[in-house]
Structure formats: C-alpha cells, structure tokens
Amino acid sequence: MNKEEVRNFVKARILEAGYTMSEVVDVLSTDYGWSDSLSNFSAKLGRGSLRYSEAVKIANILGYDIIWQKRR
C-alpha cells in the first residue's frame, strides 16, 4: 500500500467503526499516552509514517483484529 492508500484505509475503518478522527485521537491520548493533537495524527497518516504497533492500537480501539494469513 502506498501512503495515500494507508491513509484512506485507516480513515475508512475509523468511520466504519462509528468514530471520528478526533475521538480516536482522544482515546489514543488517554489510553496510550499519544499526543492529543489531531493535526499530528493526520500528518502521520498523510506521511505514511504509522508504525505497526500504532496500527495495532488503533485497530484495538476500533474493535478490529489484525490477522496475518498465508497467501494461497
């Protein structure tokens, strides 16, 4: 996935889960000690610099599991 695809994927999952970006940032800040800045979060998505460990935390907030499955 390129940067834009990652950003769009994460934003789509946030919306599908019924959250706003601001709400996710609030939970990340409260539960995981992240910055409470929406602009920082948006910039991270825009740069494509989201770490795997961060993606796992976001998935947890949204009620998703990240599953690795061997290709067939």
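Helices (H or I, at least four residues) and strands (E, at least two) are DSSP runs, numbered from the N terminus. The structure is a predicted model, in which local features need pLDDT of at least 70, side-chain atom pairs count only at pLDDT 80 or more, and totals for chains, interfaces and linings use all residues. Residues are numbered from 1 along each chain as its sequence is written, and side-chain values use heavy atoms, with hydrogens and water left out.

**Exercise 1. Overall fold**

Task: State which elements the protein contains and how they are ordered, and assess how compact the protein is.

Solution:
- Step 1. The protein has 4 helices and 0 strands, and from the N terminus its elements follow the order α-α-α-α.
- Step 2. The radius of gyration is 12 Å, close to the 11 Å given by the globule rule for 72 residues, so the protein is as compact as a globular protein of that length. The radius is taken over C-alpha atoms, and the rule is 2.2 Å times the number of residues to the power 0.38.
- Step 3. The C-alpha trace spans about 40 × 25 × 20 Å along its principal axes.
- Step 4. Contact means heavy atoms within 4.5 Å. Of the contacts with a separation of 6 or more, 48% join residues 24 or more positions apart.

**Exercise 2. Surface and charge**

Task: Describe the burial of the residues, the exposed area and the charged side chains.

Solution:
- Step 1. Of the 72 residues, 25% count as buried; buried means under 20% relative accessible area, exposed over 50%, and partly exposed in between (1.4 Å probe, protein chains only).
- Step 2. The protein exposes about 5300 Å², of which carbon and sulfur atoms supply 50%. These areas come from the Shrake-Rupley method with a 1.4 Å probe.
- Step 3. There are 11 positive and 9 negative side chains, and the centres of the two sets lie 11 Å apart. Lys and Arg count as positive, Asp and Glu as negative, while His and the chain ends are not counted; each charge is placed at NZ of Lys, CZ of Arg, CG of Asp or CD of Glu.

**Exercise 3. The nonpolar core**

Task: Identify the residues that touch the most other members of the largest nonpolar core, and trace the contacts of Leu-28 and Phe-41.

Solution:
- Step 1. A nonpolar core is a set of buried Ala, Val, Leu, Ile, Met, Phe, Trp, Tyr and Cys residues joined through side-chain atoms within 4.5 Å.
- Step 2. The largest core has 13 residues, and Ile-14, Leu-28, Phe-41 and Ile-58 touch the most other members. Helices H1 (3-16), H2 (21-32), H3 (38-47) and H4 (52-62) each supply at least two residues of this core, and H2 gives the most, with 4 residues.
- Step 3. Beyond residues up to four places away in sequence, Leu-28 touches Gly-33, Trp-34, Phe-41, Lys-57, Ile-58 and Ile-61.
- Step 4. Phe-41 lies in helix H3 and, at 3% relative accessibility, counts as buried. Outside its neighbours within four places in sequence, its contacts include Ile-14, Val-25, Leu-28 and Ile-58.

**Exercise 4. Burial of three helical residues**

Task: Classify Lys-44, Val-56 and Asp-31 as buried, partly exposed or exposed.

Solution:
- Step 1. Lys-44, in helix H3, counts as buried at 18% relative accessibility. Apart from neighbours within four places in sequence, Lys-44 is in contact with Ser-49, Leu-50 and Glu-54.
- Step 2. Val-56, in helix H4, counts as partly exposed at 36%.
- Step 3. Asp-31, in helix H2, counts as exposed at 53%. The C-alpha atoms of Asp-31 and Ile-61, 30 residues apart along the chain, are separated by 9.5 Å.
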